[in-house]
Each structure stands twice: as structure tokens, then as C-alpha cells.
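Biologist: I'm new to this structure and would love a close look at a single part of it. Could you walk me through the sheet and whatever lies against it?

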Amino acid sequence: MTTTESSRSRSEVGQVLLEAKNLKKYFPVTKGLLISKVTGHIKAVDDISFQLRAGETLGVVGESGCGKSTTAKMMLMLETPTEGSILFEGQDVHHSSAAVRKSYRSSVQAVFQDPWSSLNPRMRVKDIIAEPMVINWNISHAEQQERVMKLLNDVGLNEYHSNLFPHEFSGGQRQRLAIARALALNPRVIVLDEPVSALDVSIRAQIMNLLKDLQAEYNVAYMLIAHDLATVRYMCDWVAVMYLGEIVELSPVHEMYTNPSHPYTKALMSAALPSHPDMEQEEIILQGEVPSPLNPPSGCYFHPRCPAAMDRCAVDKPGRTELAPGHSLTCHLF
């Protein structure tokens, strides 16, 4: 096997690569030491669906504990869905052959929040970046090193960095190394789990610009897990807002930030800093705390905190409503 071309055909842009259908992940809660008994389930992810297209970025936002990271782990095959399916180029990856699953793991890579914990401190940079190629590709050592040097240049580092160890780099440089390693197998999708939140503010813009440049060069799709709404606005084409394991609103990024529709989305946007200091925005303060995923509320999960809740919200679970092409949400108001 030889390395593929780094720049894929522009005709692939917009092609659906990764799709989640009615995805659920429930973690059992047990009681007892010697004889454990399941007493309930934590509904970390509760029936979500979305698509990820080539060359585009899907942002997943929401409060801590809403299911963002669990969703990312299922996309990376680090967790097995309780129900539902994950389709990669139309194939169900969890019900396919071992060869298909291996190909999927090569095609979907990850960049994590803390680059220090994801880089082996005992390995030199050239070996860290080359390791995925050694495992998955049958190419010569010279070809491996040639690709390592290209990847280092692509992420803004120099060839002499290849002989150094991770502890000899700054935090921003280590994140560049993590990105280079994620690109080693020329993946179709990269899951970015809070890729800039652990970095200094002065470095974040550099890494975000680097990711956008690499996306244009490699035509790779990103799934971005983030808390910072400014990062999502800059990086993403689509935004999925999660609350208590559900996607409550999914829309193009421009429409999400100019015309948020779901009451929870409006509250999230009101909590973010405005894009201009003179801009006035409505302040929405939600009452109470996020309910436990072990015992979520009946009806709409958001109704105990929703400022626009109606009587039926406590009883009937809202279905998904399409407001416009690509813009959908779950709310009885619509």
C-alpha cells in the first residue's frame, strides 16, 4: 500500500462520510459487590442523529455532561452504542467485517484536549508520527520519514524537530504534533475534542487557522467538540446543540448564531460574549440545575428549566421539526 494523495478531488466536498442514526449510549448503574444488580441506566446519549460531510466541520456544543464526549467516543469506536448505528460511507461500522472496522479506524482519527497525555514521552517525534504508518501501511522506512517531514512542515514545525522528545516542546507545539500524527494516515474524518481549550489565548487562533488550512488542503471533515462558542462560530459549517444526551437543535452555523430557535440554544448564545463590544443581546438566565441523566424528566428534558414551558412539555416528548433545509429542532413551540 502506498500513501494516497493529500489533496482529494474537490468533487468529494459535500459527500456524506459519517452518519449517526438514532444513536443511544446507556451506562448501567449497579448495586452490590459480590452479586451486582442493575438498578438503572445513565442515558449519556439518547437517540441522536446527524451527518458529517467531506470537507466540512460539525460543531457539537452544550453544557458539561450533556453527552458530547460520549458521542465522540462512539464515533472513534472507543464506546459501543447501546442502540442505533454509525454509518461510514454507507456501511454500518459496528456490524461489518474486521477489515472494514480496521479501515474505519484508519479513516477516523482524533486530536484530544491535552496533547501531553496523548504523546508518548519516551518516543522521538519522528517515531510518534510514523507509528500509525508502521502499523497500517506497508511502505519503506524512507517513505515513512519523507511523509513525517512533510507533515511536520504542514503543521508549521521544522525537520530538526523530528529528533526531539515531546517534553522539549511548548503546549501549542505539542498540539501541532498531535495534529500531524492524526493526519499521518490521510484520514477522512478527524474528531477534535476541545483542541484549543488547554492552550494560551494567544496560541488558540494560530491552531484554529492551522486546522482550517489543513482542512482545505486535505479535504478532511472535522467533528469539533467545544464549549467556546466563538471557536465553534469560526471553525464550523454546522452546529448541533446537545442537552441531556439529546440534540435539541441542528442548523448551519450562520443561522444558529443569527436566529437561534430552541429556548436552550437562545440561553447558550446569551451567555456567550458578543462579537462586538457595542452589540446588545438579551440576557437569559436558566433556573435550576441540569437534571440527572440517571432519572431524566418526563416529556421534554428541558422543560423544568425552560422559560417558555407549557403544560404539555411535562408530558409529551417533542418530535423533530424541520424549520428550514438543514435546520431542525425538538420543541413544542414549533
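Modeller: Happy to! Let's start at Phe-88, which stands opposite Gln-91 in β5. This is a predicted model, so please read what follows in that light. Strand β4 covers residues 83–88, and its pairing with β5 is antiparallel, made over 2 bridges.

Now step back to the whole sheet. It is an open sheet of 4 strands, paired in the antiparallel sense, and the order across it is β2-β1-β4-β5. At its edges you will find β2 (37–53) and β5 (91–92), each of which pairs on one side only. In general, the strands of a sheet pair through backbone hydrogen bonds, and the pairing can be parallel or antiparallel.

Next, look for the helix that goes with these strands. Helix α1, made of residues 68–75, lies across β1 (16–31), β2 and β4. Relative to β1, the helix α1 runs at about 115°.

How much of α1 is buried? The helix is mostly covered, with 6 of its 8 residues buried. If you would like to find them in the view, the buried residues of α1 are Lys-68, Thr-70, Thr-71 and Ala-72, together with Met-74 and Met-75.

One last stop is just past the end of this helix. Just after α1 comes Met-77, and Met-77 takes a positive phi of about 65°. So your tour goes from the pairing of β4 with β5, through the 4-strand sheet, to the helix α1 lying across β1, β2 and β4.

Note on methods:
Residues numbered from 1 in each chain as written. Predicted model: local features only at pLDDT ≥ 70, side-chain atom pairs only at ≥ 80, totals over all residues. Heavy atoms only, no water. Pairing = 2+ DSSP bridges. Contact = heavy atoms within 4.5 Å. Axes fitted to C-alpha atoms, helices over the stretch in contact; angles between N-to-C directions. Buried < 20%, exposed > 50% of the residue type's maximum accessible area, 1.4 Å probe, protein only.
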